[in-house]
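Reader: I'm new to this one, and I'd like a close look at a single part: the salt bridges. Could you walk me through them and show me where they sit?

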Amino acid sequence: KEYRKDLEEGIKGKGMTVFEDTPDLIRVKNAAQILNEKQYKKDLETEIKGKGMQVGPDTPEIKRVKKASEIASIKEYKKDLENEIKGKGMEVGMDTPDIQRAKKASEIVSQKEYKKGLETEIIGKGMQVGPYTPEIQRVKRASEIASQKMYKDEAEKMLCSFSAVPDTPEMERIKSTQKNISSV
């Protein structure tokens, strides 16, 4: 009751009215919002674009764009090679010494990059890669077992190809001595 009494005397009594959302009021609010957006876009064009924003050469986005440009350049080079050289009848064989040397160099570089990536990505993050990992030890053990089996197979083959030494007089004397010792 006190609150309503204060409301009637304090606000309504002084000529203020409480606004309801009428269609005209909604239209005015929308117009103000559109005007604010236009002002924002105008400020964007004059303040930011007009002053020439500078971007450093080492940002990830710039690096990505440069890499994409290099790849596109390589594709264009290959396309020109096919059109200009191969298209005019000149053959580029895959078995020339220069091409083979370039392939080998590319493979070596790729292996070096792989090993470098291995060191930085896996070993650098605490993962153990070396002769002590369980998988490598298992492979070594399997290799040793296979090696022992091959050794035994080879030994059996060799036994079949050799004959025993005939008993010499010395061997017969040793055998008889062994019998005498065991009978005593």
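Author: Let's start with a word we'll need: a residue is called buried when its relative accessible area is under 20%, exposed when that area is over 50%, and partly exposed in between. By that reckoning, buried residues make up just 1% of the 184 residues in this protein. The accessible surface comes to about 18100 Å², and carbon and sulfur atoms account for 58% of that.

Keep in mind that you're looking at a predicted model. Its mean pLDDT is 76, with 74% of the residues reaching 70 or more. Where pLDDT is low, the predicted coordinates shouldn't be read in detail. Among the elements, helix α6 (residues 169-183) has the highest mean pLDDT, at 86, while helix α4 (residues 97-121) has the lowest, at 78.

As for the layout, there are 6 helices and 0 strands, so to speak a plain α-α-α-α-α-α when you read along the sequence.

Now to the part you asked about. Side chains of opposite charge can pair when their charged atoms come close. Searching the whole structure turns up 4 salt bridges, and we can go through some of them one by one.

Take helix α5 (residues 134-161), where R138 and E135 are found. These two form a salt bridge, with their closest N and O atoms 2.6 Å apart. How far apart are R138 and E135 along the helix? They are 3 residues apart, so about one helical turn separates them. E135 is partly exposed, because its relative accessible area of 47% falls between the two cut-offs.

Stay in helix α5 and you'll meet another pair, D153 and K149, which sit 4 residues apart, again about one turn of the helix. Their side chains meet in a salt bridge at 3.8 Å, N to O. Are these two partners buried or exposed? D153 counts as partly exposed, because its relative accessibility is 34%. K149 counts as exposed, because its value is 53%.

Next, hop over to helix α6, where E170 and R173 lie 3 residues apart, about one turn of the helix. Their side chains meet in a salt bridge too, at 2.5 Å from N to O. E170 is partly exposed at 44% relative accessibility, and R173 is partly exposed as well, at 46%.

One last stop shows charges of a like kind. E2, D6, E8 and E9 gather on the surface in a patch of negative charge. One of them, E9, lies in helix α1 (residues 2-10). E9 counts as exposed, because its relative accessibility of 52% is over the 50% cut-off.

So that's the picture: paired charges such as R138 with E135, D153 with K149 and E170 with R173, plus the negative patch that includes E9.

Terms used
Residues are numbered from 1 along each chain as its sequence is written. This is a predicted model: local features need pLDDT of at least 70, side-chain atom pairs count only at pLDDT 80 or more; totals for chains, interfaces and linings use all residues. Side-chain values use heavy atoms; hydrogens and water are left out. Patches are made of residues with over 30% relative accessible area and no salt bridge: like charges are joined within 9 Å, nonpolar side chains (Val, Leu, Ile, Met, Phe, Trp, Tyr) within 5 Å. Accessible areas come from the Shrake-Rupley method with a 1.4 Å probe; for residues, only the protein chains shown count as cover. Lys and Arg count as positive and Asp and Glu as negative; His and the chain ends are not counted. The place of a charge is taken as NZ of Lys, CZ of Arg, CG of Asp or CD of Glu. Helices (H or I, at least four residues) and strands (E, at least two) are DSSP runs, numbered from the N terminus. Buried means under 20% relative accessible area, exposed over 50%, partly exposed in between (1.4 Å probe, protein chains only). pLDDT is the predictor's confidence in each residue, from 0 to 100.
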